[in-house]
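Open the structure in your viewer and keep the sequence panel visible. The tour goes from one selection to the next and says what to look for at each stop.

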Amino acid sequence: MCGRYAASRRPEDLTGLFGVEKWEPDQALEPDWNVAPTKEVYAVLERPLKDAADRRPVRQLRPLKWGLVPSWSKSPDGAARMINARAETVHEKPAFRRPFAARRCILPADGYYEWMTGADERQLEERGKRKRPRKQPYFVTPADGSVFAMAGIYEFWRDPALPDDHPGAWWATCSVITTEAETSPLAVAPAEGPAALADIHPRMPLMLPPDRWDAWLDPARTDVAELRTLLEPPPGGLMRAYPVGTAVSNVRNNGPELLAELAAPELSTLF
């Protein structure tokens, strides 16, 4: 899954990297090292500009709220539960199938956090001796330092309680597409701990390699069978994972120190 990630790159860097044609400086977001559900996040997408005579799709960098609200929802209350869409079923689930066919985006990240429960802790939980097992957070990021381009979908929702001219009348929301976690060895593994991403968690965000960006963002591509071929996981062995401090588990904590690599897991009972 993807329940928390880091996104600290400046919009100027993202516009050049992704070939963005349009972004509004007044919509700039602060660097965020602890992105949590319902926060605003940067998304790269292609669609015509609002009220423009030229209806060609334009590549834009826009802030979206993380947690998709389907267009047919009566309220946005379930957004925090819609942060992820499974690659295996995104084309058929009622909340996701329409945006998958027509509204796809890239969510740029430095990497994502995942929490691992150790065998000893899990056994205590199973025996009823610990209701909530302690978990060691890991940060997962491309080993070469490149952007983690997460595949995403987005949707628009109209708040029926607000007038048309209200700035909050329309919600623009998104979900991260996830896939099975890699079982191949990490490019850089911690000295002690998991050797593969699947050792940490069975799911991971789907990272799009650069040669898929144009096809993924192209709104003219609507054939579901063709689009599903873009959901193939990238080659294995591109990622590194390392333990970070448990401060990241509190959404109120935010700063580059959350990415600091620990020499060893804080929760020594994990291994």
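A residue is called buried here if its relative accessible area is under 20%, exposed if that area is over 50%, and partly exposed in between. Keep in mind that this is a predicted model.

**Stop 1: helix α1**

Select residues 11-18, which form helix α1. Colour Pro11, Leu14, Thr15 and Phe18, which are buried. On which side of α1 do they sit? They are on the same side of α1, because they cover an arc of only 100° around the axis. In general, an α-helix has 3.6 residues a turn, so residues three or four places apart point the same way.

Now add β3, β4 (58-66), β6, β9 and α4 (213-217) to the view: the buried residues of α1 pack against these elements. Before leaving, click on Gly19, which follows α1 and has a positive phi, near 65°.

**Stop 2: the loop with Thr38**

Select β2 (32-35) and β3 (40-47), then find Thr38 in the loop between them. Thr38 also has a positive phi, near 80°, although it is a residue other than glycine. Is Thr38 buried or exposed? Neither term applies: with a relative accessible area of 39%, Thr38 is partly exposed, because that value lies between the cut-offs of 20% and 50%.

**Stop 3: strand β9 and its partners**

Select residues 148-158, strand β9, where 10 of the 11 residues are buried. Show strand β6 (residues 104-109) next to it; β6 and β9 are antiparallel and pair over six bridges. To see one pairing, label Ile106 and its bridge partner in β9, Ala151.

Then show strand β10, residues 170-180. β9 and β10 also run antiparallel, joined by seven bridges. Here, label Trp157 and its bridge partner in β10, Trp171.

**Stop 4: Asp159**

Move to the loop between β9 and β10 and select Asp159. Its relative accessibility is 16%, so Asp159 counts as buried. Which residues touch Asp159, leaving aside its neighbours within four places in sequence? Show Gly168, Ala169 and Trp171, which are in contact with Asp159. Trp171 was labelled at the previous stop as the bridge partner of Trp157.

Finally, select Glu192 together with Asp159 and draw a line between their C-alpha atoms. The two are 33 residues apart in sequence, and the C-alpha to C-alpha distance is 50 Å.

How values were computed
Residues numbered from 1 in each chain as written. Predicted model: local features only at pLDDT ≥ 70, side-chain atom pairs only at ≥ 80, totals over all residues. Heavy atoms only, no water. Buried < 20%, exposed > 50% of the residue type's maximum accessible area, 1.4 Å probe, protein only. Helix = DSSP H or I, 4+ residues; strand = E, 2+ residues; numbered from the N terminus. Pairing = 2+ DSSP bridges. Arc of directions from axis to C-beta. Contact = heavy atoms within 4.5 Å.
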